[in-house]
Amino acid sequence: MKPLLLIDVDGVLNPMGHPTPDFRRYRCTIDGEVYTVHLNPRHGRRLLELALATGSELVWATTWEHHANDWIAPRIGLPALPVITMDPAGATPSGHGEMFKTPHVAAYAGRRPFVWFDDQVWAEDEEYLRVDQGLADFLLIHVDPIRGLTSRHLGMAHEWLTLTGFSQGS
Ligand SMILES: [Mg+2]
């Protein structure tokens, strides 16, 4: 079972803060709405390297859903990735205070180990996954939405996958 690397867009690949020169600005038009995003091509390269090194599979876990494959992936050099759909109507709150995406992530991951990069994962999500879903083999990496994904987060994922033995890379 390949481990999963779950990736959010807003606050992770598209930081909310003032972008550094590594980032380029793009416009995306979805259902007539125009969105501006700042993307760093290094993110795509680093994520692919991490997936290869650990034998993991990259998957979108974002409200962009399939739009991430049209508007985000090609701009940072990622191939089209599988998508976890995030219909808010499909998630019934458990009482642990988890965010709306978390039950969708749990259902998709099943028994597969996963690392999840998101700016909105907190202790409540950890508790929901462990207690309510009975999952043990996961790592939630909280990303500061101002700066977005950094080498530190990628390093944490690599270390966890390696130390737990889930890494299937060389
Ligand atoms: Mg986000």
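**Arg112, the parallel sheet and the magnesium site**

Arg112 has a relative accessible area of 23% and therefore counts as partly exposed, a class that lies between buried, under 20% relative accessible area, and exposed, over 50%, as computed with a 1.4 Å probe on protein chains only. The model is a predicted one, in which local features need pLDDT of at least 70 and side-chain atom pairs count only at pLDDT 80 or more, while totals for chains, interfaces and linings use all residues. Residues are numbered from 1 along each chain as its sequence is written, and side-chain values use heavy atoms, with hydrogens and water left out.

Arg112 belongs to the loop between helix 3 and strand 5, where helices (H or I, at least four residues) and strands (E, at least two) are DSSP runs numbered from the N terminus. When its neighbours within four places in sequence are set aside, Arg112 is in contact with Met1, Lys2, Pro3, Leu4, Glu57 and Asp137, contact being defined as heavy atoms within 4.5 Å. With Glu57, the side chain of Arg112 makes a polar contact of 2.8 Å, and a polar atom of the Arg112 side chain lies 2.9 Å from the backbone oxygen of Lys2. A polar contact is a pair of N or O atoms within 3.5 Å; within protein, one must be able to donate a hydrogen and the other to accept it, and residues adjacent in sequence count only if both atoms are side-chain atoms. Leu149 is 37 residues from Arg112 along the chain, and 23 Å separate the C-alpha atoms of the two.

The sheet comes next. Its 4 strands are arranged in the order 4-1-5-6 as an open sheet with parallel pairing, two strands being paired if DSSP finds at least two bridges between them. Strand 4 and strand 6 (138–142) stand at the edges with a single partner strand each, so one side of each is left without a neighbour in the sheet. On average, and with direction ignored, neighbouring strands are turned by 20 degrees against each other. Strand 5 (residues 114–118) runs parallel to strand 6 and is joined to it by 5 bridges; Phe117 has Ile141 of strand 6 as its bridge partner.

Helix 3 (residues 101–109) packs on this sheet and touches strand 1 (4–7), strand 4 and strand 5, its direction making about 155 degrees with that of strand 5. Helix 5 (residues 151–163) also packs on the sheet, touching strand 1, strand 5 and strand 6, and makes about 170 degrees with the direction of strand 6. These axes are lines fitted to C-alpha atoms, for helices over the stretch in contact, and angles run from 0 to 180 degrees between N-to-C directions.

The magnesium ion has as protein donors Asp8 (OD), Asp10 (O) and Asp119 (OD), which lie 2.0 to 2.2 Å from it. Donors are N, O and S atoms within 2.8 Å of the metal (3.2 Å for Na, K and Ca), and since water is not among the atoms, sites may look incomplete. The spacing of the donor residues in sequence is D-x1-D-x108-D. Asp8 is buried because its relative accessibility is 4%, whereas Asp10, at 26%, is partly exposed.
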